[in-house]
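Welcome, and please open your viewer with the cartoon and the side chains both available. We will go from the whole chain to one pair of residues.

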Amino acid sequence: MWYELRGNDIVFNTTAERMKRRNLERDPRAAVLVSTERGGPVWAKTEYVRVDGAVRQIADGAAAREDIRRLAIRYDGPEEAERGMRDTWSKQDRVTYALTPRRVYLKGL
């Protein structure tokens, strides 16, 4: 999942149709786990950060599409982000969420 830090919040974006959105609207509690390694099961990683908290929707419509563009630039660069906007994201109903941390767990860091 692509994410970015905005102030103290972890911000992420998804399509409005995904189960993720329905689950978060039903129960806003969530956790984000970020590992320093790739491959294999997450729980087997030697280093990670887990952030628990509650999410809230912070954008939809054009603002959420701008958020996914920003995230795509961060992860894939400007050219791929513009291609993604043109080919996919501009046609989707997207939403952006912010997770406000309540607990942070570190393993191996």
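For the charges in this tour, Lys and Arg count as positive and Asp and Glu as negative, while His and the chain ends are not counted. With that in hand, select those side chains: the protein has 22 positive and 17 negative charges, and the mean positions of the two groups are 4 Å apart. Keep in mind that this is a predicted model.

Next, select the whole C-alpha trace, which spans about 40 × 30 × 25 Å along its principal axes. Switch on the surface, and you have about 7000 Å² of accessible area, 50% of it belonging to carbon and sulfur atoms. Of the 109 residues, 34% count as buried.

Now colour by secondary structure. You should find three helices and five strands, following the pattern β-β-α-β-β-α-α-β along the sequence.

Hide the helices and look at the strands. In what order do the five strands form the open sheet? The order is E1-E2-E5-E4-E3, with antiparallel pairing. Select residues 4-6 for E1 and 29-35 for E3: these strands stand at the edges with a single partner strand each, so one side of each has no neighbour in the sheet. From one strand to the next, the twist averages 45°.

Then zoom in on E4 (residues 48-60) and E5 (residues 94-107), two antiparallel strands joined by 12 bridges. Select Gln57, and you will see Tyr97 of E5 standing opposite.

Finally, bring everything back and display contacts. Among those with a separation of 6 or more, residues 24 or more positions apart account for 74%.

Technical notes: Residues are numbered from 1 along each chain as its sequence is written. This is a predicted model: local features need pLDDT of at least 70, side-chain atom pairs count only at pLDDT 80 or more; totals for chains, interfaces and linings use all residues. Side-chain values use heavy atoms; hydrogens and water are left out. Two strands pair if DSSP finds at least two bridges between them. Helices (H or I, at least four residues) and strands (E, at least two) are DSSP runs, numbered from the N terminus. Axes are lines fitted to C-alpha atoms, for helices over the stretch in contact, and angles run from 0 to 180 degrees between N-to-C directions. Buried means under 20% relative accessible area, exposed over 50%, partly exposed in between (1.4 Å probe, protein chains only). Contact means heavy atoms within 4.5 Å. Accessible areas come from the Shrake-Rupley method with a 1.4 Å probe; for residues, only the protein chains shown count as cover. The place of a charge is taken as NZ of Lys, CZ of Arg, CG of Asp or CD of Glu.
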